[in-house]
Amino acid sequence: MLENLTQQPPDKIIMLSGMFRADPRSEKIDLGVGVYKDANGNTPIMRAVKKAEQLLWDTETTKSYTALIGDGGFHKVMADLVLGDAVEAERLSFAHAPGGTGAIRQILELIKVASPDATVWMSDPTWPNHPAMVKGVGIPMRTYAYFDADTGAVNFDGMMADLAEAKAGDVVILHGCCHNPTGANLNETQWQQVADLLLEKEAIPFVDIAYQGFGDGLQKDAFGVRLLAEKCPEVLISASCSKNFGIYRERCGLVIAISRDSENAGLTQGMLSSLNRLNFSFPPDHGARLVTMVLSDPELRADWEAELEEVRTSMLGLRKKLADALRDETGSDRYGFIAEHRGMFSRLGLTEEQVTKLREDHGIYMIGDSRFNVAGLSEASIPKIAKAVVAVGG
Ligand code: PMP
């Protein structure tokens, strides 16, 4: 049986991490996988999360199963974090899933049963797991224009023109903030226009929010998702706690579905519960419990927000330093967009060959489309990177 399997293409990001680890050069620089790193290149456990873990060790009395959809306390704090008071609680349904990725998968399966004829739209480009999962679940997909490589900004006219073709019942994936891989984001007016267009087309927004707090701050990063929640009868949301709580390996993500009314919310809740049961039964609890403790305790929450703000501003500082260094090296402003972008990633706009040369000749690792992880930069490496980019013809 197993001999019938075909070789699967390796995940490019995971393959790049393997190449980086195998590279013996001590001066190598990893700008690949999307994990936050501090100035020393470490991915620390956040202070409040560590404190919550200690508290949990002292107080937890059982490791028995939680609920199929996860713990109600977790749903509540996350709904508050992501949505604020944008929508009535009775219209919400939840499913705790293994990571943001797990939440996306559950939403896609929900779409497949609720609306087998729907097309799922996604930005071009997007996080490669979006198309891979949509294909895996067997849902038709289309892309909408998103990025203007010449200016490094959102190609908003192109986006609106493409989305104008969405049919009633189609689902449109939007990055809540900190677009991966481009770092280019919608402004508030553009969010309004997208919301109006989706309403007019009766298309359903699916907001993937994996970096809340990494862009312009916890509240501003939620602007788009809250606006859609206020305006649209139905919204699907996948929220990841991997990045903003630094709990990548705990696999903590949440489906939040907004239905038209409480009756429909009950139906949605039932299906989400059943999908969890079919796919993995009970979700992992540890990460969600930590998130719930941090968000419910004023002291832990204040410390978490302060540390998240340090992370955010340090990435903004690194963005500005790289943009400045590239301005000095190139004598032009063509990399100015790096300082304008938000979140963990931007694309430099280099060719695959130039990215290969950066890796082979300079030990600088980034994804083939020239996406780099801002948190992988450091004060020490920025001048070297700027020189190398120019040396490969960037
Ligand atoms: N969505 C996007 C856009 C992402 O970049 C990521 C992480 N790379 C995720 C979702 C999910 O992350 P995780 O499964 O680790 O929570």
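Visitor: In which loop is the place of proline 125?
Guide: In this predicted model, a cis peptide bond joins aspartate 124 and proline 125, with omega at about 5°. Strand E3 covers residues 120–124 and helix H5 covers residues 129–137. The place of proline 125 is in the loop between E3 and H5.

Visitor: What is the omega of the peptide bond from asparagine 180 to proline 181?
Guide: Proline 181 has its place in the loop between strand E7 (171–175) and helix H7 (188–201). The peptide bond that leads to proline 181 from asparagine 180 is cis, and its omega is near 20°.

Visitor: Where is glutamate 202 found, given its positive phi?
Guide: Although glutamate 202 is not a glycine, its phi is positive, at about 60°. Glutamate 202 is found in the loop that runs between H7 and strand E8 (204–209).

Visitor: Is helix H10 roughly parallel or roughly perpendicular to helix H11?
Guide: The axes of H10 (residues 286–296) and H11 (residues 298–330) are 5 Å apart and make an angle of about 100°. Angles of 65 to 115 degrees count as roughly perpendicular, so H10 is, with respect to H11, roughly perpendicular.

Visitor: Which residues of H11 make the contact with H10?
Guide: By class, the contact of H10 with H11 has 5 nonpolar residues, 1 charged residue and no polar ones. From H10 it draws on Met293, Val294 and Leu295, while the residues from H11 are Leu300, Arg301 and Trp304.

Visitor: Which element gives the largest share of the side of domain 1 that touches domain 2?
Guide: The chain is divided into domain 1 (9–44 + 301–391) and domain 2 (65–296), and 23 residues of domain 1 are in contact with 27 residues of domain 2. On the side of domain 1 that touches domain 2, the elements that give two or more residues are H11 and strand E11 (345–347). The largest share, 6 residues, comes from H11.

Visitor: Which helix gives the largest share of the shell around the ligand?
Guide: Of the 13 residues around the ligand, those that come nearest are Gly99, Gly100, Thr101, Ser240 and Ser242. The residues of this shell divide into 3 nonpolar, 9 polar and 1 charged. The largest share of the shell, 3 residues, comes from residues 99–114, helix H4.

Visitor: How far apart are the end C-alpha atoms of residues 27–388?
Guide: The unreviewed UniProt entry annotates residues 27–388 as "domain: Aminotransferase class I/classII large". Over these residues the chain is 46% helix and 15% strand, and the separation of the end C-alpha atoms is 13 Å.

Conventions: Residues numbered from 1 in each chain as written. Predicted model: local features only at pLDDT ≥ 70, side-chain atom pairs only at ≥ 80, totals over all residues. Axes fitted to C-alpha atoms, helices over the stretch in contact; angles between N-to-C directions. Helix = DSSP H or I, 4+ residues; strand = E, 2+ residues; numbered from the N terminus. Parallel < 35°, antiparallel > 145°, perpendicular 65-115°, else oblique. Contact = placed C-beta atoms within 7 Å. Nonpolar A, V, L, I, M, F, W, Y, C, P; charged D, E, K, R; others polar. Near = placed C-beta within 6 Å. Domains from an automatic or database assignment. UniProt positions renumbered as here; feature names shortened; annotations may be inferred.
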